[in-house]
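Grab a viewer and let's work through some side-chain contacts together. Each exercise sets a task and then walks through a solution.

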Amino acid sequence: MRILLGLAAISAFVALTAVEAGESVAVPLPPPEAALTAIDERPAVREALAMQEAAVSRARALDVGPHEFTLGGGWHERRVDDEGDFTEWDAFITRGVRLPGKAGIDRSLGDLELESAANDLADARHGQALMLLAAWFRWLRAEVDADHDREVAETLSRTVGAARRQLELGETSRMEFELAETEAARAAAAATRSLIASKQSRRALQTAFPALPIPREPPRSSQPLVPERALPEWSALIVERSHEIRLAELATQRARLRAERASKDRWPDPTVGLRMLDERDGAEDALGVVVSMPLPGRYRSALAAESRQEAEAAAARLEMKRREIGEIAQQDVADAQAALAGWPNIEKAAAQAASYLRKAERAYDLGEIGLATLLISVISASETIYEERQARLDAQEALARLRKDAHELWAPEHDDHDH
């Protein structure tokens, strides 16, 4: 009967390590094409796409300028003593004209609008990709939890069956049998909870990214691969390729151009046009040029001063963004370094746990340890192997985030690294 229980214990190890022998992939991620499609269908990305089209219209408007033709005129009857009544009318057409230097600034602002919109779109894709990464790995971890708890519950259930037969034969005590029953019940409850959690995690992933095909079985990863590029080099690369920093740079350039434009607007644009007059029933007519210009005042000076201060504020925001992204980049590298540094130890611990479990089984068969000790061995070994699985996912996620923040993962062709 001890052999039967020993086989039950060994089955736990076989089940817990079956994933290592099965088919695995280098990185447990969805295919790039599927991921990009799911990302582009997110509302935030669709919003950025619409805003990009709006930026094209804004740039066109800045190019042609704010001034349009104005048509006007009037008709009236004039009465002159001793001369009679006369029908008279006048008409005019006018248009504002940008003073020299303003049109060039406006066109430059339009170019910045287009580049900002493109970077906004790329940044929106980047943000949604990070959300996909987080949701995807939450699902993978939930599946690992469910697999682990199910395997332990099944193993302890078989152990209880074997212990019951031993109890009937008087080969084990009721206390040990009740201990086995207690552990089996706890494991069954944990398996139920983790199964529900895994289904919720899968449902949340599918709800957030409905266009993403989720496989029936989660992908199983092989050992995490160390990137060819040295980890310390990734930090500078992330900062260099950051769309958030580029957006802050563009915002600073735009604020400075607007300040320059406001300074030029201290002298308002003139309005020029033609005017036609017809008086005394056509006895008199005239054709002339009309010009008007608002006189500059304190209002325009205040607007120019405001724009200069906004440019200073934009420069400060740029510096803050550079520091923020620099911290994120350093944290990405630190997370990857920590995950890869701890991986060999947990992998070794998992192998030792499996070896210890086999030794415990042999010791139980030889009567050197009791059922309680064997149960502790099964649970301890399973927990160590479970920790190895989670550590593997931690390393894979840290490396995936590192690649994503460097725009080397799920980066569409139009995601320009050189800005």
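The exercises below cover aromatic rings, charges over rings and salt bridges in this predicted model.

**Exercise 1. Classify the aromatic pair formed by Trp136 and Trp139.**

Step 1: A pair of aromatic rings is described by the distance of the centres and the angle of the planes.
Step 2: For Trp136 and Trp139, the centres are 5.1 Å apart and the planes make an angle of 70 degrees. The centre distance has to be within 6.5 Å for rings to pair, and planes over 60 degrees apart count as edge-to-face.
Step 3: So Trp136 and Trp139 are an edge-to-face pair. The structure holds one aromatic pair, and this is it.
Step 4: Now place the pair. Both residues belong to helix H5 (residues 102-169), three residues apart, or about one turn of the helix. Trp136 and Trp139 are both buried.

**Exercise 2. Find which rings have the charged ends of Arg95 and Arg229 sitting over them.**

Step 1: Start with Arg95, whose charged end sits over the ring of Phe69, 5.5 Å from the ring centre.
Step 2: Move on to Arg229. Here the ring belongs to Trp234, and the charged end sits 4.6 Å from its centre.
Step 3: Check the distance cut-off: CZ of Arg must be within 6 Å of the ring centre.

**Exercise 3. Describe the salt bridge between Glu88 and Arg78, including how buried or exposed each partner is.**

Step 1: Side chains of opposite charge can pair when their charged atoms come close.
Step 2: In the bridge between Glu88 and Arg78, the closest N and O atoms are 3.2 Å apart. This pair links distant parts of the chain, with Glu88 in strand S2 (residues 84-96) and Arg78 in strand S1 (residues 69-80), ten residues apart.
Step 3: Buried means under 20% relative accessible area. Glu88 has 1%, so Glu88 is buried, while Arg78, at 33%, is partly exposed.

**Exercise 4. Work out how Arg150 and Glu154 are placed along their helix, and how exposed they are.**

Step 1: Their side chains meet in a salt bridge, 3.6 Å from N to O.
Step 2: The two residues are about one helical turn apart, because they are four residues apart in helix H5.
Step 3: Arg150 is partly exposed at 38% relative accessibility, and Glu154 is partly exposed too, at 36%.

**Exercise 5. Identify the partner of Glu397 and where the two residues sit.**

Step 1: Glu397 meets Arg141 in a salt bridge, 2.7 Å from N to O.
Step 2: Glu397 is in helix H10 (residues 371-405) and Arg141 in helix H5, 256 residues apart.

Conventions. Residues numbered from 1 in each chain as written. Predicted model: local features only at pLDDT ≥ 70, side-chain atom pairs only at ≥ 80, totals over all residues. Heavy atoms only, no water. Phe/Tyr/Trp six-rings, centres within 6.5 Å; stacked < 30°, edge-to-face > 60°. Buried < 20%, exposed > 50% of the residue type's maximum accessible area, 1.4 Å probe, protein only. Lys NZ or Arg CZ within 6 Å of the ring centre and 35° of its normal. Salt bridge = Lys/Arg side-chain N within 4 Å of Asp/Glu carboxyl O.
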